[in-house]
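Got the viewer open? Keep the selection box handy and we'll go stop by stop.

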Amino acid sequence: MNRADAGRRRAGELQALLHHHAHRYYVLDAPEIPDAEYDRLFQELQALEEAHPELRTPDSPTQRVGGTVLEGFAKVRHKVPMLSIRTETDIEASGARNFDARVRRELGLKEGDPQVEYVAELKFDGLAINLRYENGVLVQAATRGDGEVGEDVTQNIRTIGQIPLRLGDPHPNPLPQAGEGASQDQPDPNLLPPGGEGASQQAHENSLSRLGERAVVRAIPPILEVRGEVFMRRDDFERMNESQRGKIAAGAKNEKTFVNPRNAAAGAVRQLDPAIARQRPLSFFAYGWGEIEGGPDFQTHFEVLQALKAWGFPVSERTTLATGADDLIAYHQGVGADRDRLPFDIDGVVYKVNSLALQKQLGFVTREPRWAVAHKFPAQEQLTTVESIDVYVGRTGKLTPVARLQPVFVGGVTVTNATLHNEDEVHRKDVRVGDTVIVRRAGDVIPEVVSVLPEKRVPGAAVFAMPHICPVCGSAAVREEGEADYRCTGGLFCSAQRKHAILHFAQRRALDIEGLGEKLVDQMVDAGVIRTLPDLYRLGLANLVALERMGDKSAQNVLAALETSKSTTLPRFLYGLGIRHVGESTARDLARHFGKLDGIMDAGVEQLLQVPDVGPIVAESIHAFFLQPHNREVIEQLRACGVHWEESEPAVQAPLPLAGKTVVLTGTLPTLSRDEAKELLEAAGAKVAASVSKKTDYVVAGAEAGSKLEKAQLLGVAVLDEDGLRQLLAG
């Protein structure tokens, strides 16, 4: 064999191998070789073709990379028109029943006659494409256009790994069993059964078994046009947008984020530069055909889909057979329930009469097939107008801008508000009052503004500015360095934070007011019995007994717990105030350093920074909290109500015995509770961690110590019992 023949043979082998492995990777999601090995084979073929250009064929895997930039798209006249499908406007179950009734009426079927068999499939939210194969090789790809004439987008379509460049994989794949290839812990929602409650189990089982049968390998027609949808998976879309945001943040020009997966996919297919299209993570599903010459004699639509799958095209496993209206309704409801868990966007389902003979008998009306219908779901995106932008204050003091919208029906409900998340997000999307916007709502997700239509903007619309004053209580609203959100600093006074502030103040590690739980706090705040923390200590028996499910005994217990809580410690009181970034450890450090509350309240940022482990962000937060007159007033009222603690002179800053040491507690100690042991350790300057690592200095182990003890022994960390802990604290 001469060198030319050897090169030609090797190029053919490499092309066949790469086609096979690309199909395993992109279509079956079951790769047989590592990426590095695929790259090695690809580079070998690439080198061969560069050295011998005559070996480069139109269906070579190297031709997925993309060609030269086009000046425009050539027009393509479809041999078989790509007609639109009638849409069933009734989004409820009756939409399926109406379609079945029309089909039966057109076929002359009466009550008692056999039911009609259908193929039910997803209606993908992407871009329809016609793929033309001649002798098994992709020669042209065209958009739908007006149905008669589309645009030649062959170079861009070649970049999509799921679309075969050559048909006839050496190992034709069957349609997989339901769940095949899915995670055992979390089933792929694309493979979930189509029927919801009330589905016809017999029809469902039949369709799954038929989907799972090995499709008969049929001869590939010399002329074959395959029709399907180019789309973008949601996770690919999010990753792409995240990358775009990174480029924009780095100062890149002419970059933007994309509104939704459909627009991103359609824009990629219609790029004049195939290299740009190749950078977009596009996917494909086949669902039909156009021109076929010299092919098998198919009897049903389902047989064609089986053949397409066997020839190497991805076909959605949510495609199934359905018998009669009840099965169609069950499919619509089942897919609707799973819609938000699918890895891609859909906007409905499609029903098609399965028998090709019956399709021919039914024919067309005004260029729409009588044998098919699209049964839509409620739209997840709609246009509306921003009437105002208000700022909502959450229970933790976070300020969130909210767009008040002209009411619009989207995602199955009427939407009047949509979150704008934070100031940066408002400015990134440039949302202004009066703007026409796209609003999205999927499932139970809070509605959000996806994008603005700037061409419809009212002249003079003002840029949104976040308030620096809390709209609820008038306290300062601050945005800490490195944070995306503004927060109200009037935590003890702000009515929006009232319930959260009371529950935090009453919790066990703060004032420890037994019996003051979430339900009781909700009742008292909603009834107007409590407005601020001092009101807790002004409660009378009559106030409590008047509440639902509160008897004399329970009310007296709450009052007794409140009286007991008046005697506390400075660290507990500080922690109970709910100052942002001030946890139990920081509260203890502050109390130890200053000795008195007034010293902490009057301290400047520089003084606060002298406290061990208090950094600039924590110091600024403490200082801002005590600058608010509202917060100081609440503290004085609490003191006036009898809340007290022991105070001392500022501590001499001697090194604590366990400063810089990390200790982990595990198991049950004989006399100390976990909280008591933690308090003793932190008072001695130690950091109490939750897990064991190489940086752990000691592990204190009691009865029934588990994996933490085992890990400590493995790492050689010192292990102490309770006596050892006491010796450590004393020494």
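Start with the whole protein chain: of the contacts between residues at least 6 apart in sequence, 68% link residues at least 24 apart. Keep in mind that this is a predicted model. The chain has 731 residues, 47% of them buried, and its secondary structure amounts to 25 helices and 24 strands. Its accessible surface is about 35,700 Å², and carbon and sulfur atoms account for 50% of that.

Now color by pLDDT. The mean is 84, with 88% of residues at 70 or more. Two stretches to pick out are residues 65–70, where pLDDT is below 50 and the model has 15 contacts beyond near neighbours in sequence, and residues 169–215, also below 50, with 84 such contacts. Leave both in a warning color while you move on.

**Stop one: an open sheet**

Select strands 5, 4, 7 and 8. Together they form an open sheet in the order 5-4-7-8, with antiparallel pairing. Which strands stand at the edges? They are strand 5 (137–143) and strand 8 (283–293); each has a single partner strand, so one side of each has no neighbour in the sheet. Going from one strand to the next, the twist averages 25 degrees.

Zoom in on strand 7 (residues 223–231), which is joined to strand 8 by eight bridges, the two running antiparallel. For a spot to center on, try R227, which sits opposite G288 in strand 8.

Next, switch on the helices that pack on this sheet. Helix 7 (residues 261–269) touches strand 4 (127–134), strand 5 and strand 7, and its direction makes about 40 degrees with that of strand 4. Helix 9 (residues 301–310) touches strand 7 and strand 8, with its direction at about 115 degrees to that of strand 8.

**Stop two: strand 15 and its partners**

Hide all that and select strand 14 (residues 381–393) with strand 15 (residues 398–410): seven bridges join this antiparallel pair. V393 has L399 as its bridge partner in strand 15. The two strands make a hairpin with four residues between them, and in the turn G397 shows a positive phi of about 95 degrees.

Add strand 16 (residues 413–419), which pairs with strand 15 in the antiparallel sense over six bridges. Here A403 faces A418 in strand 16. This is a hairpin too, with two residues between the strands; look in the turn for G411, whose phi is positive at about 65 degrees.

Finally, bring in strand 20 (residues 486–488), which runs antiparallel to strand 15 and is joined to it by two bridges. Select K398 and R487 to see a bridge pair between them.

**Stop three: two single residues**

Is L107 buried or exposed? With a relative accessibility of 15%, L107 is buried because the cut-off for that is under 20%. You'll find L107 in helix 3 (residues 94–107). Leaving aside neighbours within four places in sequence, L107 contacts V116, L358, Q361 and L362. Try a distance label from L107 to Q361: their C-alpha atoms are 7.8 Å apart, although 254 residues separate them along the chain.

Last selection: T586, in helix 18 (residues 584–594). T586 has a relative accessible area of 14%, so it counts as buried as well. Show H581, V614 and V618 alongside, since these are the residues T586 contacts once neighbours within four places in sequence are left aside.

Key
Residues numbered from 1 in each chain as written. Predicted model: local features only at pLDDT ≥ 70, side-chain atom pairs only at ≥ 80, totals over all residues. Heavy atoms only, no water. Buried < 20%, exposed > 50% of the residue type's maximum accessible area, 1.4 Å probe, protein only. Contact = heavy atoms within 4.5 Å. Areas by Shrake-Rupley, 256 points an atom, 1.4 Å probe, with all protein chains shown as cover. pLDDT = per-residue confidence, 0-100. Pairing = 2+ DSSP bridges. Axes fitted to C-alpha atoms, helices over the stretch in contact; angles between N-to-C directions.
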